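Hi everyone, thanks for coming. I'd like to walk you through one structure today, so please have a look at the screen while I talk.

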Amino acid sequence: MRRVLAVSFRSLLVILLACCLAGIEYVRINDDLTTMFLMDRSHSVESMQEDQDQFIRDATEKMPSDDLVGMIDFARQAYLEQMPMRDGYFVPPGRLPAMANPDRTDIASAIRLAMAMFPHDTAKRIVLMSDGNDNMGDLLTEARRAKADGIPIDIVPLEYERKNEVYFERMIAPTYAEAGEQVPIRMVIRSHKKATGSLSIFHNDQLVELPADYARVELKAGSNTFYMKLPAVAGGTQTYRAMLNFDDDSMDTVSLNNTASAFSFVSGGSPALLISADRSKDAPLVDALLKENVQVVVRTPSELIDFSLLQMMNFSAILLSNIPAATFTDVQQKELASYVRDMGSGLIMLGGPDSFGAGGWIGSPVEEVMPVTFEIKHKRVIPRGALVLITHSCEIPRGNYWGKEMAKKSVDTVSSRDYVGVLAYTYTPGGENWEVPLAPNTNKAAVKAKIDRMQIGDMPDFGRTMQMAYDELTKGRGADAAQKHVIILSDGDASPPSALLLGKYKAASITVSTIGIGWGAHVQDAVMRNIATKTDGRYYAARNPRQLPQIFSKESTVIRRPLIVDEPFQPQLVGSATDLLGGLRTGAGGLPTLGGMVITSPKQDPNVLIPIIRATEDGDDPVLAYWQYGLGKTVAFTSGYWPAWGAEWTPWPRFAKFWAQVVRWTLRQESPANFDTYTHVEGNRGRIVIDALDKDASYLNNLQLRSNMMTPDQETGGLRFKQTGPGHYEAEFDVDKAGQYLANVQVFDGGKSVGTIRTGLSVPFSPEYRDLTPNIALLRQVAEITGGRWLNMPGKEAEVFSHDLPPSVAKRPAWTWVLSWLFLPAFLLDVSIRRLANWLAVSIAVELVILVVMLFGMDMRYSGWGVAGSIIFAELIGWTIRFRSIGVLFHYMTGTATVLAETGDRSAQSLDQLRGASERAREELADAKAGGVRDVRETLEVASGKGARKRFDVGDEAAGGTVEDIGKSLGGAAKAPPPSPKKPGSGDGEDTTSRLLRRKRRTRDDDE
């Protein structure tokens, strides 16, 4: 039997393996339904969010128990709020998270996400609740995909009507204009009904004084067009902005669509912009440039109001003279980099105590476009700095998030040679811990990853963490640092440190700056300010998280002082055959002495040129380096700071010519192609159109146009122009954010540059604030394409979960299931049958395998009846196998008792036989005639058992007497007298002994 089973299971294994290799599939038919609700949470239907939520609750109140329901809300992005689940809708009322960026609607992305979340083995349905104003994705394309997958989209229209609304459709200005001409501006305003008010116009952010009849507007229902002309007084970018003001607030509903903007590029030489920390210190440089007829405009950081990329384009080059990174926001730094890389402009950075790496520019986007890196890469002995960050939980929204982000910002701005450490109170053993132990900042990515994993808790007091920082900076790894600084990021509600500890910080020259995040009662200003004051640090009241990046950039520069060389040196000219150094002599004596510089490292790029250096034993430090990056050019002059470091340079006769050559080399090339260019927006797509004609009005074909587009969120991308007609070129791009879209187009004809076109468009507000009526026609198209239904509120009347869809037929590869739940169990059973010693063990193994397969392979573990049935079935199979061994097992368990019982029975039978023989012997003796014969009597006594007792029992009287003969005393054989001769003729010819012996033999034979 065992052999037959082993062969059978081995054959089954071969069959199952063949099925797996054949790629068999199984078909599953299921009538269950999965419904995904899509909730529109864009700005246009913001007031209808509760109605949508109630519709879902009503519709799912009596849904079938086996059906599944999920929910996705969407605006610009789609978010999954509930996975497809049984038993209803579980999002608590009023607990939906705030929707990010509700200024756009992308219904297509919500449908894509819904189709991705459907289980494969149920019927599928989408219920879309929306006004149909899809202004980002391609809704109809997604609807066709849903139809191909057999998924109907039911529509719940969100209908509303805004009767009183006025908005700008567009504001149009020419792309190019000539300096001094009147630039025509056209504005198109749409109104739902009559409205009156006034119009305000801003030119380059300056309010234009308009005559009363120009400023007054009377709008009629429909489209209204207004014209005016504004003078282009200077070259560069001219910006225009219009704003509507109504006589009565009831004339308009949405105020966000009451502004419009446009811009034009005015021909003429654009000046250079010098951003100076101190006008007086940079006066020698300004005078030198003006002397060489280089147009330059000077601005201090405080005068840079809304310094955006569009304003930067007013200048052909920008000079940063001793300007720290904290002067600019993160967005402005990205725009500075794009100003060079994508817009083809120039950037010059001059040295000073607050410039380059000493000014916190390490790791910034500006460092990427410069020809030098702001960290020290070559070997030299430079004093290290040490920065310790102490983070504390902040009780404002996303307070801990900002704490982590700013800690990472500090890691980026600190050199890789400096020490960085992070202390925090976390809910781990010990409370206060070095989340990032103080160590050289060589692996910035790893340090930032540790900061991301921090779980910041509510620190009870500052004393413990400040003591840990002090010990590490004075006795630990930071003891050798030349500059030591601590930054505390907190809301200040922890207990203050002791005066003794603050005194220790002061004595050890460890400065502490504190940053209070929050507002009102969220921040304990007094505690934070006292810590900073007592340790010669600074206190910042950061009421706006946008201020934090600049604060941390500024504070991180405290430990960057070792990068400054504040001693005279002789710069050396190592190459003069360049446009920047034409006419300067090579050699040590060709240049005046400089009094100091900021140390940097040249980038390892063959395009980087370094004509002026500072030679040292450890290597050469760049003094002047330049290269072309992207479409623009950048120059790094690591000295400057004229009163202190350049006192001998400013009187140098070639000072003015030298700087004029440097600035002219970086200026943006103003050679616009004489082509007609215009831009416009169609839905969520922008379009740039260029008509190329030569001087004879002939079409220019087969031009090569290379362009980069800068979006409002500082993202860059290339534009692809296509020639769609004679001399007609077009490019399209996504318009998904409000703001300025700028493009710089380089035109080539046969590989030769023809000129550069600067163009772009302005999007003042999202279409969400312009499309003010539901797009019912688009929603009906979606329902018709997918075979969906038109549902109306309330949800109780909508039969959302009606099972009128074909059951799902799912075909899935079966080899994984066969391999896991058939092949592997059969293999185990095959081994069990061959190796286990008896049927009992085999049956137990079979039971376990069957139970596991039924519970997990057939998913019967999800119901009580399934579990019970699996156990019963496994037990039946097991007992069927081991019934053969039940008797053996019972015999094994009761064997000892049975043997003992049989032994007792045999003993009783032997005693009964002896008693029967004794009785028969007595009867024969009674009949015997020759009584008293000693040998017969002894024989009988021995046979009856009495003789044996007598042999060893002599009696009490005999035992007390004298022993005469030990043999006699023990009942042994005594010497018998000689037998008397037998009388002839006496007896029957056979003596008594013979008869007795014969009878005993007969009795023994009977017993056997």
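Let me start with a word I'll use a lot: a residue is called buried when its relative accessible area is under 20%, exposed when that is over 50%, and partly exposed in between. Please keep in mind that this is a predicted model.

With that in hand, look at helix α17. Ten is the number to remember here: 10 of its 12 residues are buried, so the helix is mostly covered. The buried ones are F655, A656, F658, W659, A660, Q661, V662, V663, W665 and T666. The helix runs over residues 655–666, and its length makes sense too: at 1.5 Å a residue it should span 16 Å, and its end C-alpha atoms are 17 Å apart, which agrees.

Now, where do the nonpolar side chains gather? In soluble globular proteins, they tend to be buried together. Here, the largest nonpolar core has 42 residues, and the members that touch the most others are I275, I318, L320 and F328. Several elements give two or more residues to this core, including strands β15 (259–266), β16 (272–276) and β32 (619–629), along with helices α7 (309–312) and α9 (365–369). The largest share, 4 residues, comes from α8. Apart from this core lies another, of 41 residues, and A660 from our helix is among its members, as are L274, V286 and V294.

Not every nonpolar side chain is hidden, though. On the surface, L80, M83, M85 and F90 form a nonpolar patch, with about 350 Å² of accessible area together. One of them, M85, lies in strand β4, residues 78–86. M85 counts as partly exposed because its relative accessibility is 34%.

For the cysteine fans: how many disulfides does a search of the whole structure find? The count is 0. Take C19, whose closest cysteine sulfur is in C20, 7.0 Å away, and that is too far for a bond. The cut-off for a disulfide is 2.5 Å between the sulfurs. Next to each other in name, the two are described in separate terms: C19 is partly exposed, at 25% relative accessible area, while C20 is buried, at 12%.

Last stop: T122, in the loop between α3 (107–117) and β5 (123–130). Is T122 buried or exposed? At 4% relative accessibility, T122 counts as buried. T122 and I29 are 93 residues apart in sequence, yet their C-alpha atoms are 8.4 Å apart in space.

That's my tour, and I'm happy to take questions.

Technical notes:
Residues numbered from 1 in each chain as written. Predicted model: local features only at pLDDT ≥ 70, side-chain atom pairs only at ≥ 80, totals over all residues. Heavy atoms only, no water. Patch = residues over 30% accessible without salt bridge, like charges linked within 9 Å, V, L, I, M, F, W, Y side chains within 5 Å. Areas by Shrake-Rupley, 256 points an atom, 1.4 Å probe, with all protein chains shown as cover. Salt bridge = Lys/Arg side-chain N within 4 Å of Asp/Glu carboxyl O. Buried < 20%, exposed > 50% of the residue type's maximum accessible area, 1.4 Å probe, protein only. Core = buried A, V, L, I, M, F, W, Y, C linked by side-chain atoms within 4.5 Å. Expected span 1.5 Å × (residues − 1).
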